[in-house]
Amino acid sequence: MQQSSLYQEEHHPSPLQYTWMEFKNNHIAVAGLFCFAFFLIITVFCPLLAPFDPNMQQTGDLMIPPAWDPNGGISHVFGTDALGRDLLSRIIYGCRMTFGISLLLVIVAMLLGVGLGALAGMSRGFRSSFLNHTLDSIQAIPTLLIAIIIIAILGPGLVNSMWAIALALIPQFMHQTRDFVRHELSKEYIMAAKLDGASKTHIFAHSILPNMGEMLVVQATLALSISILDISALGFLKLGAQAPSSELGAMLLEGIDVAYIAPWTIALPGGALFMMIISINLVGDGLRSALRNRLLH
Amino acid sequence: MANVLLRYTNLVLVTLFILSLLSFLLAYLFPGQALENLTGLRLNELSELQNSQIKYSVDNNIFVQYWHYVGELFSGNWGVSFNTGLPLYEDVGRYLPASIELSSYALLLSFFIGLPLGFIAALRHHKLTDYSLLSVSLLGYSIPVFWLALIMILVFSLQLGWFPLSGRISLLFEIPSITGFILIDILLSDLIDKQSAFIDALRHLILPTVSIAVVTTTMIFRITRRSVIETLNSEFILAAYARGLTPTQVLMRHGVRNALIPILPLLAMQFPTLLTNAMIVESIFSWPGIGNWLIQAIYQQDYPAIRAGMLAVSVLVVIFTMSIDLIIRLTDPRRRRAERAAI
Amino acid sequence: MIILDKHHKNIWFKTTLIVLASALLCSCDALLQSKTDPNGIVYCSEGSPANFNPQLDTSGTTVDASSHQIYDRLIDFDPVTGDIVPALATSWLVSDDGKTYTFQLRQEVSFHNTETFSPTRYFNADDVLFSIDRWRLIDHPYHDVSGGRYPYTDSLNLGGLITQVKRLNGYRVEITLNKRESSFLANLATDFSVILSAEYADELKSRNQKELIDSIPVGTGPYQLASFRQDRYIRYTKHPKYWREIELTDKLIFDITPSSSLRLAKLLTAECDAIALPAHSELEVIRQQENLVLAEKPGFNVGFWAFNTSKPPFDNPLVRRALGMAIDKNALIEAIYFNSAVAAKNIVPRTSWAFQADVRPLNYNPIAAKKLLREQGVPEGFSMTVWAMPVQRAYNPNAMKMAELMQAYLQDVGIQVNIISYEWSTFRERLTEGLHDSVLIGWSADNGDPDNFYRPLLSCSAIKSGTNRAMWCSKEYDLLINKALEYTEISERTYFYGKANELLAEKLPLIPIAHASRYQAYRKNLDGLVINPYGGVRFAGVKKL
């Protein structure tokens, strides 16, 4: 039944809907979102998707080229590496590891960063001033450099590199949160809440936090791409995940040994890493411009 | 103004104090004897050890020790490496300039490419040129720098054979180190074959510089583009048009200055990122820089070297970023602080 | 006005563009062409030497960097025939009882003139006495300098064998042994029996800088050390007064490049003229390149998996046997050596006369291995360490990868493997301390005598000198291999080595894995480089065309 509208109804999209509408118009960003979803699916269902065990060494099938090469075979679509491990399975597991760990790290860093940032934003006085200055300086330093320095202290290893990256990501979130909180605090609705007698925690939890969602998502995509780059870079430098692990950076490092004979062991894992970061950056860019457009209108 | 300066000096001093304290405490946190980690001497080198025991006054309490440690730091006595037995102060002095040299050339290259492209894209905002440049830049800043460097080596060194893939210069040339910057050192040296040495050094520079510059170029491009777009949308530009100026005149007289001045320090802020990328790329191109050196030290658990390298790099970066921060405040008091570059 | 202006600007713009472009093109041309200096050879070596005295270190890296570049020996092996030929000794005489050797020395041989030392005299008998007495006499003033360990000579107990080294006159030396030993001359011709300068030693002693003798070396060899930077490079310059009339280049550079793929890449881009130890996976690539040469010789070496027999449960031969059965040697050889090696049966290679084809082979049988392990009380989930060398060696081009493969095999029989690796010199130090459960390492022979395998690898005295990686000491074995030395007839010696082979096949202190071929890869414009079958690389006589 066709429902006709008797009254002239004006539909006001909520801010979130509005952002989504803007985002949808950006086709490349939507493609990036699909790509992102694809990596998310791989991360969750990777044992079902991978044709082989990523660490199974088939000593009879060393360095088989990918299927599209004249010498390649169909049983190993992406070929095998120098130890006869199926590259497709390793890349799938590698995506899980690199992507999954990064996601985890970003969530941890976000929780801590937002907490500390809120604290800094809500407080005033010397403590805040000193914190702000230190933060300003730290956030200009690349996370990877901070991570390398932390690893220099803790020693190489996957777990240590995770600690290092999480720690290095926190200042970014702190900074953004603090700025946001500062900005919101000066607005009228906060003033209204204050006049109602709301406590500081109440103001933060009920008035500011709900408005922070979008900013946090944008910041999280940024942090995610940084975290992926960092964790793979550390793996590549032998400071993070170590050799038999299928972390993409560590795989690239192993590939160097046979780079000249088996270039696909470098091209494919690196390509996967590249795709992953592009998709995240596309989503992040799309979101950011959608937000910007919304605010402009 | 004086207030700001005072606050920054204060901040730098406090940070330096924290960093030096951290590096001192590291000697205790690292495995092994603290004195070994501080001096790099092994316990069996007894006579020298007794000497340094007095120097670092290990028998006293920790504050006195720290005081002596700082004294040693300032006198350039940073201890020796476990691995090579060479004095660390000289090692850092040798390797740090190589990294700074590489990063500076990459920064220059990025400026030369990123700035003009940023202007072009902004002027063609919402047109094909803008979109294609923007897409390419997205690729550029998504690419993992170590993968890019490997691909460069595969293509330009191994397949085409155009460029060498390791080191700063062919080892057949022996360049005495004066400034630590190899191109300058070659020009200062009294080599017979100066020209071919220079060309050889350039050949070694190209691939690593380009690998690092790609990421930075895209960052600079995006920052410039955004700033120019915002400037062109502002009211004083409209006013300029209203006065009847041509687009070129508007851009030259009002656009460039107003778009560039606020972002120049932001662009300089790319230096730490560059240095970090340089550290990765160094280990691929066997570039004898601080990153390569520090990473080797981490592998070999060379604690004195880690301590010294960490201190040197973090002091360099912190002082650099803080001075840029300060310049921003002094030149543009409207800003409360260096806002993160919008890209 | 504006239009004109624009026009002008355009012209200027174009002109600048053209000038810039042409400048770029010109410089590009220069930039893309690699110019090589004909007066220097760059050799990409695999690691930093521990010092510049091969008496102190048996590692191939130290030998390559010093033995044939900086020093000479009394006698040499001919690199082609393997015969013993004169070097610093022009002739020698062996007494009838085989216990006294008299060497006539070469005259007018000069030592290196370095920044810190100017020799005032030619080489003479004093230098021979100093060089031998340094490792032979425990109370020699230089014996304890740089650690006081002489792995090669200690492992063969040469110090105990020699009773006297006497100077007959300036150019004649007599060495007396306490018993006949058939491999003595061969040992004097190895890379480790180098001749140092006694005058330099005296001067250092008076300057109280004794340890410099091994780090700033002075020898009579074709090249002298100019500078050394750890993990970066070694620079040598020509020894202008070298006694042999042979072609030398002005500069010789060892570019220290630990990664084999990087060495190959540098060879392809002409950054190196020759490389050490090309990876076995890359041999095919080198053969296909037109401007590269790959020389090959059957190797006189063995790669093995040694158990630390001083630690339970590895002191039990049956456990060792079971572990040996758990790994598929042929698969390892295929994956690691790319079929450029043969599976090892004894510790000596097939080309040696002590080789014995009919010893009991150790076959791959994981089921029997698992059963045997449980019988011997090694529980499911038992965890052990496999130490893997961090460097490539001819006998094991990729120990790390081999360890990873073995990890998978041992997992099948319920054994957890932790792979351990340190930086090379730390690695060997800790091995000598016996901190390992098992280790993947090997041995390259320094001369053609099989004794060079049997004694350094497994004799009791080799535990202390740090070449017996199995920490294995068997009276029975020592008796056999010492007996073999008392005879000169090969048939008699074969009998004793045969017995030793059987003993090893039963006790398995180590599991021999492969004998790999030796390869040398270099660019076509390098002339005169030959593979030295017994040890280090030599650059005297090599030139660039």
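Here are some friendly notes on one helix and on the salt bridges of this predicted model.

1. Residues are numbered from 1 along each chain as written, and chains are lettered from A in the order in which they are written. Local features need pLDDT of at least 70 and side-chain atom pairs 80 or more, while totals for chains, interfaces and linings use all residues, and side-chain values use heavy atoms without hydrogens or water.

2. Take helix 13 of chain C, residues 366–375 (helices are DSSP runs of H or I, at least four residues; strands are runs of E, at least two). Its buried residues are C:Ala369, C:Leu372 and C:Leu373 (buried is under 20% relative accessible area, exposed over 50%, partly exposed in between, with a 1.4 Å probe and protein chains only). They span an arc of only 100° around the axis, so they sit on the same side of the helix (the arc uses directions from the axis to the C-beta atoms).

3. The face turned away from that side carries the exposed C:Ile367, C:Lys371 and C:Glu375. After helix 13 of chain C comes C:Gly377, with a positive phi near 80°.

4. Over all chains, 38 salt bridges turn up (a side-chain nitrogen of Lys or Arg within 4 Å of a carboxyl oxygen of Asp or Glu). C:Glu181 and C:Arg455 form one of them, at 2.9 Å from N to O. C:Glu181 is in the loop between strand 7 and helix 6 of chain C and C:Arg455 in helix 16, so the pair ties together parts 274 residues apart in sequence. C:Glu181 is buried at 3%, and C:Arg455 is buried at 6%.
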